[in-house]
Amino acid sequence: MGSSASKLLIGVNLKMYMNREQTLSWLDAAVTELQNIKDNNIELFLLPSPPLISECLERTSGSLFAIGAQNISEYDSGAFTGEISPQLLTQMGCEYALVGHHERRALFGENDDVISQKIAASSRNNLIPIVCIGELSTEEKEAQTEVRIQITTALEEQKHLKKLVIAYEPTWAIGAEQPASSEHINRMCSLIRTELEELKIKNFQIIYGGSAGEGLFEMISQTCDGLFLGRRSHDPQTFISIVQECISIKAANQ
């Protein structure tokens, strides 16, 4: 599945930065400004705070936006107080689930086994898993080894994936002043693509996160299918500008 043949995919992870009013205001502005785009080759997704998922689903009906969850349980149902059921998310209308984010690994102790189980839970509940992959090391060979291990441990047992999104985020670039260099991103995304093909995973997309913003996609559009945005897109006008820029670049590449 080559980048040129893939849909343009742009997502935003709001984490816990915005309150209810800010989230809904952001979403209303983005939906309104982008409602005239009639391009079947682009999809947008938003990962709001869990209490706002239902309202976000209502406000994005009929738009380019899909809604997803920032986290899910590896279990569909049961005695797991406080966890987020992937089964319920699907019933609500969610389409995506974020899995393996660095903050979940570092702050909540999610290991490779848990991440693999959450990918499986997403798939069996018809949620598209957005699997975060990213190295700690800034040394190239070590970084490549880390990424290979993460992909293998997360995906080698996944036999029934209908669709997969890899969000490549070098850990050292998350929240940094600048994203990773375009040369590094292109090398690593090419590596990820090769690894996925060797695992015989067919329907996948690769997006880049880690301080992604305006002006980046043009330099990585041959190896990436889109962007995974964070704080740099918290101004809705900035997000809209990034989307329009990416659409133009994608069209020029075809």
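## The largest pocket

A pocket is an open set of grid points with protein on both sides within 12 Å along at least five of seven lines, and its lining residues have an atom within 4 Å of a point. This structure is a predicted model. Its largest pocket has a lining of 13 residues. Met16, Gln70, Glu103, Arg104 and Phe108 lie nearest the centre. The space in this pocket comes to about 330 Å³.

Which helix gives the largest share of the lining? Helix H4, residues 102-108, supplies four residues. By type, the lining of the largest pocket holds six nonpolar, four polar and three charged residues.

## The barrel

Now look at the strands. Eight of them form a closed barrel. The order runs E1-E2-E3-E4-E5-E6-E7-E8, and the pairing is parallel. On average, neighbouring strands of this sheet are turned by 30° against each other, with direction ignored. Strands of a sheet pair through backbone hydrogen bonds, either parallel or antiparallel.

Take one pair as an example. Strand E5 covers residues 128-133, and strand E6 covers residues 164-168. Four bridges join E5 and E6 in the parallel sense. Find Cys132, then look across to E6: its bridge partner there is Ala167.

## Helices across the strands

Helix H5, residues 112-124, lies across strands E4 and E5. Strand E4 spans residues 96-99, and H5 runs at about 175° to E4.

Helix H7 takes up residues 182-198. Which strands does H7 lie across? They are E6 and E7, the latter spanning residues 204-208. H7 runs at about 150° to E6.

Definitions and conventions: Residues numbered from 1 in each chain as written. Predicted model: local features only at pLDDT ≥ 70, side-chain atom pairs only at ≥ 80, totals over all residues. Heavy atoms only, no water. Pairing = 2+ DSSP bridges. Helix = DSSP H or I, 4+ residues; strand = E, 2+ residues; numbered from the N terminus. Axes fitted to C-alpha atoms, helices over the stretch in contact; angles between N-to-C directions. Contact = heavy atoms within 4.5 Å. 1 Å grid on protein atoms, 1.4 Å probe; cavity = no way out; pocket = protein on both sides within 12 Å on 5 of 7 lines; lining within 4 Å. Points joined across faces, edges and corners; volume = space filled by probe spheres on them. Nonpolar A, V, L, I, M, F, W, Y, C, P; charged D, E, K, R; others polar.
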